Amino acid sequence: MAIDFTLAPEHEEIRKRVRAFIQGTVIPAMEEVKADDRDEYLRTIFRLRSQAKAESLWLPHMPKEWGGMGLGHVELAMVQSEAAKTRIGPWVLNCMAPDEGNMHTLLHWATDEQKEKYLRPLLDGVQMSCFAMTEPEVAGSDPTLIRTEAVRDGDEWVVNGHKWFISNARRANFAILIARTEQDVPEGSRGANTAFLVDLPQQGWNDVREVETMHGSTGHSEIVIEDLRLSDTQILGGRGNGHRLGQYRLGPARLAHCMRWISQAETALDMMVDRALNRYSHGSLLAEKQGIQWLIADSAMELYQCKLMVLHAASKIDKGEDFRTEVSMAKHFVANSLNRIVDRAIQVHGALGYSTDTPLANMFQHARWARFADGADEIHQMRIAERTIAAYQATGSTNAATGGLPL
């Protein structure tokens with residue numbers, strides 16, 4: 001079993017072009033934008049997006065026939081990690097969450113008419129979207145418990161419910177809404193929910209507030225849905241397929257998050273080493289002190305593991321193999337490694353790292369979110385354990401649950 005993550009020459013050339021564009025164009029352009037000038041901020045981003053299109057660095061995750069770069073997940077990992085060297089990078093290339101995952105979902109599940117109405121504007125970068133599944137009253141990691149209901153009323157569906165932490169809702173032109181339609185199916189069943197496409201704004205969809213988080217108001221909305229009326233033409237993927245659709249969306253989306261988190265972890269490690277090489281204390285540089293060397297070594301080893309896990313999971317997706325366990329492992333491990341590596345970088349920087357004079361404090365706030373976004377740590381651990389036990393019961397070995405590798 002050969003595992004070769006070497007990029008083809010044409011893909012290596014793409015990676016280098018993305019790096020040059022992000023480092024040489026995007027980062028310098030955003031550094032010139034005044035922090036309190038929203039209009040200049042938006043003008044700069046739209047200019048950069050136009051430039052990304054012109055340089056054929058647009059939609060790296062989408063097929064060429066839909067205007068994308070046609071990259072597989074292994075190649076996409078390289079692009080996402082380069083783009084995420086700056087927070088705005090994935091947005092400039094139009095491969096940011098939640099639109100990225102929604103594009104994949106629409107491509108796979110939407111009718112031709114729905115693709116033209118909803119997918120095409122996302123690809124063109126003229127509309128934005130959100131994915132409305134999580135609810136405050138039930139565990140977000142168990143979508144079979146969703147209470148938002150869609151009840152048939154003549155030729156329409158009437159939807160009532162409560163959603164929150166719906167990323168991008170205030171900027172979205174439409175939502176993919178998950179609601180319970182099959183009332184005769186027992187609670188906990190995976191066939192009870194249906195996905196709907198909801199044009200926004202619309203009567204019955206009430207954006208109550210942006211939920212304040214530890215890093216401020218960042219576009220995660222609380223939504224109250226009251227007598228929202230939808231038609232059958234707005235069903236996405238067929239009745240009762242909401243759970244399947246959600247899981248299809250979340251697998252690659254989780255891995256895309258990991259790709260971006262790896263970039264942040266590498267930035268933190270770079271900053272840690274740079275600080276250690278330039279800070280003198282108690283007779284020597286920090287880089288010469290064993291305690292600091294251990295922090296650097298632990299971070300380097302973890303980052304190496306993160307990269308291998310993500311690349312292997314991406315390769316399984318590209319091969320059409322079952323990737324659920326590998327993605328769960330990667331999502332859990334990368335999210336936790338990001339927290340640890342950024343924390344170590346803050347420690348090496350001392351009070352400077354705790355201040356907002358470096359990006360580390362903001363990175364740490366976002367890193368904490370990573371441990372429950374797209375599935376809490378404990379849920380992934382539960383699924384990993386279940387699949388490990390099942391592998392042993394089926395074959396007498398746990399090898400299939402640890403990557404199926406030849407060692």
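**Exercise 1.** In this predicted model, locate serine 56 and decide whether serine 56 is buried, partly exposed or exposed.

*Solution.* Begin with the chain path: serine 56 sits in the loop that runs between helix H2 (38-54) and helix H3 (73-83). Next take its relative accessibility, which is 48%; because partly exposed covers the range between 20% and 50%, serine 56 counts as partly exposed. Finally, look at the backbone, where phi of serine 56 is near 60 degrees, a positive value in a residue other than glycine. For background, most residues other than glycine have a negative phi.

**Exercise 2.** Find where leucine 59 lies, and determine whether leucine 59 is buried or exposed.

*Solution.* Leucine 59 belongs to the loop between H2 and H3, and its phi is positive at about 55 degrees, although leucine 59 is not a glycine. Its relative accessible area is 1%, and since buried means under 20%, leucine 59 is buried.

**Exercise 3.** Which residues does a cis peptide bond join on the way into the loop position of proline 98?

*Solution.* The cis bond joins alanine 97 and proline 98, with omega about 0 degrees, and proline 98 is placed in the loop between helix H4 (89-92) and helix H5 (99-109).

**Exercise 4.** Describe the surroundings of asparagine 339, starting from its helix.

*Solution.* Asparagine 339 lies in helix H9, which spans residues 324-349, and is buried, with a relative accessible area of 9%. Its side chain reaches the backbone nitrogen of arginine 368 at 3.5 Å. Not counting residues up to four places away in sequence, asparagine 339 touches Phe364, Ala367, Arg368 and Arg371.

Terms used
Residues numbered from 1 in each chain as written. Predicted model: local features only at pLDDT ≥ 70, side-chain atom pairs only at ≥ 80, totals over all residues. Heavy atoms only, no water. Helix = DSSP H or I, 4+ residues; strand = E, 2+ residues; numbered from the N terminus. Buried < 20%, exposed > 50% of the residue type's maximum accessible area, 1.4 Å probe, protein only. Polar contact = N/O pair within 3.5 Å; in protein donor to acceptor, adjacent residues only side chain to side chain. Contact = heavy atoms within 4.5 Å.
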